[in-house]
Amino acid sequence: MSNRLGGEISPYLLQHSDNPVDWYPWGEEAWNKARLSGKPVILSIGYSSCHWCHVMAHESFEDPETARLMNENFINIKVDREERPDLDHIYQTAHQLLARRGGGWPLTVFLTGRMVPFAAGTYFPKTGRYGLPGFTEVLSRIRQFYTEHREELESPENRSVIDTLGLMNPKKQEGTLLTRVPIEGFLEHLRSVFDAKDGGFGGAPKFPHSQGLSLLLEVGNAQDRDMVYFTLRKMARGGLFDQIGGGFSRYSVDDRWEIPHFEKMLYDNGPLLSLYAHAWGRTRDPFFKRITEETVDWAFREMRSPMGLYYSSLDADSEGEEGKFYRWTREEVSQALTEEEFRFVTRSFGLDRTPNFEHQFWHFILAKTPEEMADEEGIPLEKANEILKESKKKLLSVRETRIRPGRDEKVLTSWNALYLKGLLEAGQIFEKPEWVDEGLAGLSAIRSSLWHDGRLFAVYAQGGSKLPAYLDDYAFLLDAILVGLSIRFSQEALDWALNIARILCQQFEDRDAGGFFFTSHDHEALIHRIKTGHDQSLPNGNGVVVRCFMKLGTLLGDTELLGSAERTLALFASVFNSRPEGYDTLLGGLSDWLSGVPSVILKGPGAKEWQRAASTEGLHSWSIVLDAEGMEKLPEALLKPGGPEGSTRAYICGTFGCLEPVENDRERFLSTLRAAFSSGGGRGPNA
């Protein structure tokens with residue numbers, strides 16, 4: 001049979017459209033049915049590349065007897081968490097309240113007809129194992145409980161979960177101070193949990209934590225930056241990085257970054273691309289350069305859509321087994337390579353060690369770098385690099401003949417914005433105009449496909465856009481536009497950025513308490529409206545807005561944007577002042593607010609070279625606008641005169657004013673930037 005998911009555009013929902021379960025998509029039809037039938041609701045939230053979502057689907061949702069129990073006793077709603085992060089956040093939090101433990105996917109929540117959760121879990125096997133009850137047993141227990149307590153559960157007075165959810169939004173507190181104390185506290189926390197042996201923070205499972213690494217790189221000391229470089233090297237030498245095809249998996253199941261959870265998400269690879277590019281800019285380590293280039297190559301080869309934007313994710317599974325696409329036997333490797341190449345690869349990728357995957361296969365790690373192999377073999381580094389490059393090319397060709405993992409081919413605005421920002425920053429640092437061209441073309445594709453009648457949409461799939469955009473979509477897109485604007489200034493891009501900033505203030509900001517809601521003011525009514533400052537797998541939207549508004553507000557002298565950023569920081573300060581862990585992006589915004597965000601307006605033939613020099617030195621967090629001459633309708637703040645013909649001139653402006661322009665002296669320009677804005681204590685050049 002087919003159910004009601006056949007008309008959806010989500011690849012995840014379509015995967016379930018032939019289940020015998022009578023699935024509904026989230027919407028009024030499902031909730032009207034629940035209220036009229038008097039049945040409780042099963043809300044199942046997952047995503048297409050989720051391994052345990054597939055397992056539960058095969059065990060339970062494809063099983064006719066389990067489906068019969070679900071259909072007879074419940075109204076069944078299936079949600080793609082990537083389409084509806086608002087619902088996922090609400091009901092993940094509800095799960096934590098009800099189950100008193102962390103959530104995950106698949107998320108299984110039992111609700112009343114008023115959308116109120118009363119029981120929750122994650123993965124349930126069909127029959128009891130792993131210390132978990134069987135799903136059919138859970139269904140019977142829940143249905144009996146609901147029957148016995150229906151009047152109480154459906155009562156309007158049943159608000160304990162809703163009220164508790166409401167308490168999770170921060171409350172405005174008068175007199176909250178904005179100081180550097182929480183930033184220092186956060187840095188101390190990262191130092192205390194740093195893994196000096198294998199890099200990263202804490203133990204397994206190990207996630208990249210791009211936001212924390214980025215903050216360390218920006219505001220930490222020399223030892224902090226060494227922690228970042230050490231971690232980046234360890235991650236990219238392990239199996240978290242695809243040594244053959246490039247790109248990073250979502251997390252490592254062990255402490256050593258050796259065996260990943262094999263799904264690859266676009267949202268991880270954008271921030272990591274930026275991190276590795278900036279690490280190369282600061283260190284000129286060729287290893288960081290190679291990882292950056294191979295990550296770009298992977299995304300372009302495997303994730304780019306015909307419309308010029310990027311697909312969401314690759315499954316962990318192929319042929320029903322996690323990691324099967326990526327694993328190797330020694331025989332498979334030997335057959336693909338020459339004798340010299342096989343001997344080289346065996347030691348480079350750890351095939352001379354005990355099998356590291358399921359006791360019989362190898363998942364490649366970079367056991368020895370080309371530099372180490374060149375030393376041991378007594379050959380030039382150029383030859384070692386060439387052998388490795390040719391071997392990888394052959395192995396990739398063999399791997400491409402295998403049955404590939406599934407690819408979620410919906411396009412998400414927020415995830416694309418994260419990736420395009422990373423690509424633009426890498427293009428600027430590496431002086432690769434083709435990467436910059438690709439990044440700017442991606443932004444144009446968002447505008448043509450996901451921007452309609454002055455509003456943004458969150459999802460594009462099967463030829464159409466869907467779902468009004470969330471805070472993250474607007475915030476991440478604004479961030480990417482500002483990066484593009486700093487590389488190639490255009491009046492059109494500036495106007496678009498200002499339009500997005502206006503929508504954020506009009507549709508998302510809480511003008512009374514401060515901060516930005518995750519959903520717009522005209523979003524559908526749900527049991528809770530999220531306003532969070534905590535980073536999850538993505539950077540926090542409120543933190544990104546603060547950083548963007550500080551840049552744009554300083555650039556244009558816009559006190560409304562600056563005031564909005566300050567109100568947001570003041571709202572969340574009561575939380576991160578006492579416990580800064582997890583507020584990485586907002587703390588970056590706090591650092592911007594405390595030290596000031598300079599705007600640099602460069603004019604003349606040396607403008608691009610001066611800009612590259614600033615970015616390479618790690619002055620990348622500051623807004624740099626290239627030669628604005630000839631633009632129409634420029635804001636007054638950008639109307640700076642150029643110098644004599646043939647000269648290069650830099651205007652360095654802070655929140656409340658500008659320094660004397662620097663002319664034809666690049667070193668003075670860089671030293672002025674360092675002196676004026678690296679102390680962390682001022683609000684601009686005239687503070």
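**Exercise 1. Find the enclosed spaces and describe the largest cavity.**

Start with the count: the structure holds 4 cavities of 30 Å³ or more. On a 1 Å grid over the protein atoms alone, a cavity is a set of points where a 1.4 Å probe fits but cannot get out, while a pocket is an open set with protein on both sides within 12 Å along at least five of seven lines; lining residues have an atom within 4 Å of a point. Grid points are joined across faces, edges and corners, and a volume is the space filled by probe spheres set on the points.

Before going on, note that this is a predicted model, where local features need pLDDT of at least 70, side-chain atom pairs count only at pLDDT 80 or more, and totals for chains, interfaces and linings use all residues. Residues are numbered from 1 along each chain as its sequence is written, and side-chain values use heavy atoms, with hydrogens and water left out.

Next, the size: the largest cavity has about 540 Å³ of space. It is lined by 26 residues, and S214, E218, K421, D479 and R547 are the closest to its centre.

Then ask which helices take part. α9 (210-219), α11 (266-283), α17 (413-430), α21 (541-556) and α23 (584-595) each give at least two lining residues, and α9 has the largest share, with 6. Helices (H or I, at least four residues) and strands (E, at least two) are DSSP runs, numbered from the N terminus.

Last, sort the lining by class: 7 nonpolar, 11 polar and 8 charged residues. Here Ala, Val, Leu, Ile, Met, Phe, Trp, Tyr, Cys and Pro count as nonpolar, Asp, Glu, Lys and Arg as charged, and the others, Gly among them, as polar.

**Exercise 2. Do the same for the second largest pocket.**

The volume comes out at about 770 Å³. Of its 27 lining residues, look for R290, E293, E294, K389 and K392, the closest to the centre. At least two lining residues come from each of α10 (222-237), α12 (286-303), α15 (370-377) and α16 (381-399). Sorted by class, this lining has 16 charged, 7 nonpolar and 4 polar residues.

**Exercise 3. Work out the strand order of the sheet and place a helix on it.**

Trace the order first: 5 strands run β1-β3-β2-β4-β5 in an open sheet with mixed pairing. Two strands pair if DSSP finds at least two bridges between them. At the edges sit β1 (23-25) and β5 (117-121), each pairing on one side only.

Now zoom in on one pair. β4 (residues 107-111) joins β5 in the antiparallel sense over 4 bridges, and L111 stands opposite P117 in β5. Helix α6 (residues 135-154) packs on the sheet, touching β2 (41-46), β4 and β5, and its direction makes about 165° with that of β5. Contact means heavy atoms within 4.5 Å; axes are lines fitted to C-alpha atoms, for helices over the stretch in contact, and angles run from 0 to 180 degrees between N-to-C directions.

**Exercise 4. Spot the backbone exceptions.**

Here's the background: most residues other than glycine have a negative phi, and most peptide bonds are trans.

- The W105 to P106 bond is cis, with omega near 0°; P106 is in the loop between α5 (85-99) and β4.
- A204 and P205 are also joined by a cis bond, with omega about -5°; P205 is in the loop between α8 (181-193) and α9.
- E358 has a positive phi, near 55°, in the loop between α14 (339-348) and α15.
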